[in-house]
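Here are some short exercises to work through with the model open. Try each task yourself before reading its solution.

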Amino acid sequence: MGIYSTVMETVTEVTGLSPTAFFTILAMMVVVYNIVSGMFLGPEDFRQKPQKEPIQVGDITESELRAYDGSDPKKPLLIAIRGQIYDVSSSKMFYGRGGAYSMFTGREASRALAMLSFKPEDLTGNLEGLSAEELGVLEDWESKFIEKYPVVGRVVPAPNSSENGEKVHIQDNDRNEKME
């Protein structure tokens with residue numbers, strides 16, 4: 001009984017309250033804390049689990065990637081960084097229609113992310129002329145995407161374009177000779 005008496009005397013000395021009043025207030029504070037903290041969402045509530053396995057799109061061109069911009073609710077939301085395509089459907093509040101980053105969906109967004117730009121002309125995979133700092137920013141974005149979103153494909157050049165996106169005109173000499 002010595003410890004009990006010591007604790008009760010200490011509570012009275014330190015708080016100036018009777019032990020009954022002190023423990024009643026303490027219990028009420030715990031109840032209020034639990035009620036108030038239950039009103040707010042924790043970070044884990046924002047991490048939405050994908051409801052189904054991500055659809056693998058494989059190798060597609062930039063023009064084919066544009067179909068995954070959120071305009072068709074049956075299709076996933078996709079973004080490409082350095083040619084890797086990520087399914088960002090689990091973050092519809094950011095990348096879906098009306099979201100803060102919706103302009104990046106259905107696009108190769110490497111340059112815009114590196115430059116922290118929202119200009120439509122920067123929505124490209126062209127990294128020419130970027131500074132080391134901008135490339136570092138892009139690397140940070142890429143690390144976040146790798147950690148958070150599944151890779152579902154790659155952006156490849158269109159069959160009738162060169163590596164840098166220029167149109168290539170293929171001339172069939174045999175066909176031209178027969179036509180003359």
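**Exercise 1.** Find the salt-bridge partner of glutamate 142 in this predicted model, and work out which parts of the chain the pair connects.

*Solution.* Start at the carboxyl group of glutamate 142: its partner is arginine 82, with the closest N and O atoms 3.3 Å apart. That is within the 4 Å cut-off for a salt bridge. Next, place both residues: glutamate 142 belongs to helix α6 and arginine 82 to the loop between β2 and β3, so the pair ties together parts 60 residues apart in sequence. Finally, check the accessibility: glutamate 142 is buried at 15%, whereas arginine 82 is partly exposed at 38%.

**Exercise 2.** Check the length of helix α6 (residues 132-148), then describe its buried side.

*Solution.* At 1.5 Å a residue, the 17 residues of α6 should span 24 Å, and the end C-alpha atoms are indeed 24 Å apart. Now list the buried residues of this helix: Leu138, Trp141, Glu142 and Phe145. They cover an arc of only 100° around the axis, which puts them on the same side of α6. What covers them includes β2 (78-81), β3 (84-87), α4 (92-95) and α5 (110-115). On the face turned away sit the exposed residues Ala132, Glu133, Lys144 and Glu147.

**Exercise 3.** How many salt bridges does the whole structure hold?

*Solution.* The search finds three. One of them joins arginine 154 and aspartate 59 at 2.8 Å, N to O. Arginine 154 is in strand β5 and aspartate 59 in strand β1, so this pair ties together parts 95 residues apart in sequence. Another joins arginine 97 to aspartate 69, with the closest N and O atoms 3.8 Å apart.

Note on methods: Residues numbered from 1 in each chain as written. Predicted model: local features only at pLDDT ≥ 70, side-chain atom pairs only at ≥ 80, totals over all residues. Heavy atoms only, no water. Helix = DSSP H or I, 4+ residues; strand = E, 2+ residues; numbered from the N terminus. Expected span 1.5 Å × (residues − 1). Buried < 20%, exposed > 50% of the residue type's maximum accessible area, 1.4 Å probe, protein only. Arc of directions from axis to C-beta. Contact = heavy atoms within 4.5 Å. Salt bridge = Lys/Arg side-chain N within 4 Å of Asp/Glu carboxyl O.
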